[in-house]
Amino acid sequence: MVISDDKQRIMPTNMDLKTGQHLSYKEAILITNSSNPRLRGEVDDKYQYSCENKDNRVHGWISSKSNPQIGFWVITPSDEFRSGGPVKQDLTSHASSTSLAIFFSVHYAGEDFGVRLRGGEWWNKVFGPVFMYLNSDSDSTSIWKDAKRQASQETKNWPYDFPLSRDFPHSNQRGTVTGRLFVNDSVITPAISAYVGLAQPGDAGSWQTNSKGYQFWSRSDERGHFSIKSVREGIYNLYAWVPGVIGDYKHHADIIVRPGSQVGMGNITYTPPRNGPTLWEIGIPDRTAAEFYVPDPAPHLVNRLYVNHTEKYRQYGLWDRYTDLYPDQDLIYTVGVSDYRRDWFFAHVNRRVNTSYVPTTWQIVFNMSKVIRRGRYTLRIALASSNMAEIQVRINKFKGARPHFSTGLIGKDNAIARHGIHGLHSLYNVTILGAQLVEGTNTIYLRQSRPSSPFIGVMYDYIRFEALPQNSSAPNISNACASINTIGSRTDPVPTLMEFLVHLDSGIIKLTLVKPSGTIARPAAIIAMDEIKDVDSNNGGGLQGVARPIRGFSGDAAGLLDPYYNGRFKEQATNCTLSELQRDEKASTIVVANSEGREGKVPTNAVEHSSKVVNAFFEDHAVESPGTDVKPMCLTDVFLEKNLVSLAMEFFMESLMFLEERCLMASYAICRLHCTSFNFIAQTEDRIEVSFTSTWNVSHGENVAPLNIDKRYIILRGVSSFYSYAIFEHLEGWPAVNIGEARIVFKLDENIDAYCQRQEKEMPTTNDREKGRTLDFKEAVVLENPSNPTLQGEMDVKYQYSCNTKDNRIHGWISSESKVGFWVIRPSDEFQGGGPLKRDLTSHASSTSLAMFLSNHYVGVRVRVRNGEMLKETKKWPYDFPTSIDYFHADQRDVITCLGNHFWTQTDETGSFTITSVRAGKYNLYAWVPTVLGDFKHEFNILIKPGNKVELGDIVYRPPRNVPTLREIGIADRTATEFYILDPKPALVKKLFINHNDKYRQYGLWERYAHLYPDQDLTYIVGKNDYHKHWFFSHVNRKGKRGYKPTTWKIIFDALNVTRGANYTLRLALDYAQCANIQIWINDDPNDNIPHFETGRIGKDNAIARHGIHGLYWLYSINVDGYKLAHGTNTIYLKQSLQFGTFNGVLYDYICLEAPPT
């Protein structure tokens, strides 16, 4: 058998293998009685002859008995149809005289690597052609040389011009992509010998598990130039990785290759992840563990082919050599003393103890002469392989300490057992606080915590510990002032306010902002007038005269940024009115104020900009305008962080921790979007747009979210409102960041909530809530002695006022004295993630109104979402006045129409729909139909270009169904509203939701289950019970004296004419899950049998606690063998088995049992 120049050998026969001794798995055999004496005592295993795709051009066999000798060769001239990229390993030839042409396999990658096709999904891929070549000669050396020559010739001939399938494009039907790649890691250098490839669009590094599409790879030269030839027509992403450089590169734009095209990428730069200089490192970032110590095999388990071979890791049983080297204590590596080539074992595996395997803990010991206690250091752990492992990281304390970081259960590539020196590559970036380190000796503990198998473990690729960013230190006030000062024109050590204020005056509204941070500086006042004088155009469109002083504000109340500035406000700020000219730009949210004076009805149409509304600014020496009856009314009294309006982003830090057998917890911090530069984007007679930006760079480290921020405000002439929007940008190569929440927060005076245009509720004050009694979580408060006696004994929690995205067009407040309205209007949902039923906060107590762009409420931390005058404003969308290049106007958007059933619409009664104002881009079309089970996704991507119209024609959704339904519970509408919702405890009532459609918003309903079922769980009899009255809306734990216990529900039904051996289908649709595990038994006692099916731990929606009737949607289709069913009465048991929290559970949407297919 011949695989390469240095992998050639005479192989054992089938009989040799049959008479040999099987080792840890069936493919590994110790040859004990071979017909060839030289093979006796050797190990043979097909995985020992694996090869990377890039090296697998030719392999095969040479006959040992024929004369002349004959060669049989498998030649693969191209890797375009192979999966997993150039270094994916796979089988070649092996014993039993076998040669393989592998197109794709799960070897060295895991079971998720295979091609998985959904029902109705279109897929087409050409595998091959592969060339089978036969030759002959008198000696084997000549035969091998001829086979290599033929392989080289076949590679040059690719793509072949003779296959006649229309699915195989010839050379003139393909394209070429060229460019030059640089690496920017402190200095910019050409990317030498980089792997550069085209693969299906996805995330950086996704090419490793890509199996459905084609891949085309090349290597860059010593100057970084690359050329990828013979590329099939299609849409691709450009990926790359550079030996010696950590991380993965992905080009930000899709690459469209057409027949005959030459796509020139020009110069592109990869900025690998780095926060600060390297303090120490272990290994080489080359995606393998080959540089580490690979021991010799046990003497009785040798394959002589790999003695003194560059691939000595292909020997069998090396995992057990760790125990031989470290029988009692685990590996300790001392930075600056140890050498990773001798002292770092190539695989972090378990230790063998008798017949079992136990976890191992490695230590990295290092010294630090200086530690910045308030700084953030970075530990980067790159893995070359992982198999059913969990790496826990602890800092300077091991016994009794929770892990500082855990990977969780990762990997199924099984490269350790299969003698591979790598599998799938992964990278983890761990933040280490300076407070966890000491000056002197430090220890990082790396524990592989999963026991029981010799093959569980990881191979490290590279570990690096980084200092703080250069020129960074712990932040302090003086540094902050100094950095702000560079924006202004003065050179004082502490700048004055005149350097930071900018006034925007529309003639009706005057908005004062802090520059460069971009927060609203001072409280606004609504002034209602019986008569408004003519606008004085010579005064910049302002009023004739100004209002008199407004109550509730003093010099202290107007303090900015820091109490140091209190009382220092002067009028020498930058003034910009709509009559001042010259300057020439995605609007998300409009804020509107309206009024009809102190007496009278508040307008129901809050978006009609009344001429009787004036939004003016408080002035230190204001006087009443002559001849007018001025009725000053305060709109805002309360500051948020000393600012009236704050655009706040909550992002999840990289520090994650596990609570044993509990849900993954994430620590996060609120990052106020204080910007660092200010600019006028547009300033005309009709419009002003200003921009506040901040730009991230590596020197910021992890104290600042790695995002570029552009925060903008727009005011228009004659409108009592302002617009605000934000653009978030995360560049390729920047550190990972999980954005949990992004929003604009308005903190107002104590007013009345006019929620979603239909729910009006007099709200408790901030003081009322502070005096109240806190319930299960801090947001839930029972009001005690409130200022309004009618609220006595009520409970209040902000989640009771959440709203579906589709219904969240307007919400806000009406003052209880002056009848002034303050409204947040969102004319479009295009920037909102999660679809039309995603729920989120609106207005709530403490006089807060929110413009939510994205949040993980009702979905969990995994969700990634993009950023965020009712009737009148909605009709005007998309606005034509924002001038950002990232915001598309109407003529740059498209319309999609079709007949049939993150731009959403609803179909009409004929099934027709039109999705308007769609941004240019590539999309999938999704749909779901109320009362119909499942989700629809169109088989093709939809490409939207500016101004065009995409007609999809008739499309058909075939929901999951085998045959007619035998039994069903509920309605397939993605909510649990149809089920039984009990009234709350009398002591926890919210009067707003008494006799209300949303009665599920009452507090504490999860505990009402125990009141209904104190001893025995819910039993539902099909055909007798009514799910409206007998199916509790949430499957939760039962509260007892010693905490919460799991609950098991029963569905009892009769079945006639059961077909033995046939497959019935149980469909289980959930519209919410919170750290739950639903186990199912069919006619078996749950106490004595393993479940027929279980979901595993699912969900982090937390909708039960947040008074939602749905969260994320889940659908399970479960095969039930006819032998599990009985003729007559049957019972399905549904057990929610996790019991460690109050809110563990699920909400069912719909359950049905289907007969076997006919």
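**Exercise 1. Find how strand β27 is paired and covered.**

Start with β27 and strand β33 (residues 440-448): nine bridges join the two, and they run antiparallel. Strands here are DSSP runs of E with at least two residues, helices are runs of H or I with at least four, and both are numbered from the N terminus. Two strands count as a pair if DSSP finds at least two bridges between them.

Before going on, note that this is a predicted model, where local features need pLDDT of at least 70 and side-chain atom pairs count only at pLDDT 80 or more, while totals for chains, interfaces and linings use all residues. Residues are numbered from 1 along each chain as its sequence is written, and side-chain values use heavy atoms, leaving out hydrogens and water.

Step 1: pick out a facing pair. W362 stands opposite L446 in β33.

Step 2: look for another partner. Strand β23 (residues 332-334) pairs with β27 in the parallel sense over three bridges, and Y333 has I364 of β27 as its bridge partner.

Step 3: check the cover. β27 spans residues 360-368, and seven of its nine residues are buried. Buried means under 20% relative accessible area, exposed means over 50%, and partly exposed is in between (1.4 Å probe, protein chains only).

**Exercise 2. Work out the strand order of the open sheet that holds β74.**

Step 1: read the order. The five strands go β68-β72-β78-β74-β75, with mixed pairing.

Step 2: find the edges. These are β68 (1019-1021) and β75 (1093-1094), each pairing on one side only.

Step 3: zoom in on one edge. β74 (residues 1078-1082) and β75 are antiparallel, with two bridges; there, I1080 has F1093 of β75 as its bridge partner.

**Exercise 3. Which residues have the most contacts inside the largest nonpolar core?**

Step 1: know the term. A nonpolar core is a set of buried Ala, Val, Leu, Ile, Met, Phe, Trp, Tyr and Cys residues joined through side-chain atoms within 4.5 Å.

Step 2: name the residues. The largest core has 63 residues, and the ones with the most contacts inside it are F777, W1031, L1068, I1080, L1134, Y1148 and I1151.

Step 3: see which elements feed it. Among those giving two or more residues are β72 (1047-1055), β74 and β78 (1128-1136), but β73 gives the most, with seven residues.

Step 4: follow one member outward. Leaving aside residues up to four places away in sequence, I1151 touches several others, including R967, W1031, L1068 and L1134; touching means heavy atoms within 4.5 Å.

Step 5: don't stop at one core. A second, separate core of 62 residues includes Y108, V294, L383 and V430.

**Exercise 4. Compare three salt bridges: are their residues buried or partly exposed?**

Step 1: set the rule. A salt bridge is a side-chain nitrogen of Lys or Arg within 4 Å of a carboxyl oxygen of Asp or Glu. The structure holds 45 of them.

Step 2: take R174 and E80, whose closest N and O atoms are 2.7 Å apart. The two sit in separate loops, 94 residues apart. R174 is buried at 3% relative accessibility, and E80 is buried at 2%.

Step 3: take E466 and R380, with closest N and O atoms 2.6 Å apart. E466 lies in β34 and R380 in β28, so the pair ties together parts 86 residues apart in sequence. Both residues are buried.

Step 4: take D254 and K922, which meet at 3.4 Å, N to O. D254 is partly exposed at 38%, and K922 is partly exposed at 29%.
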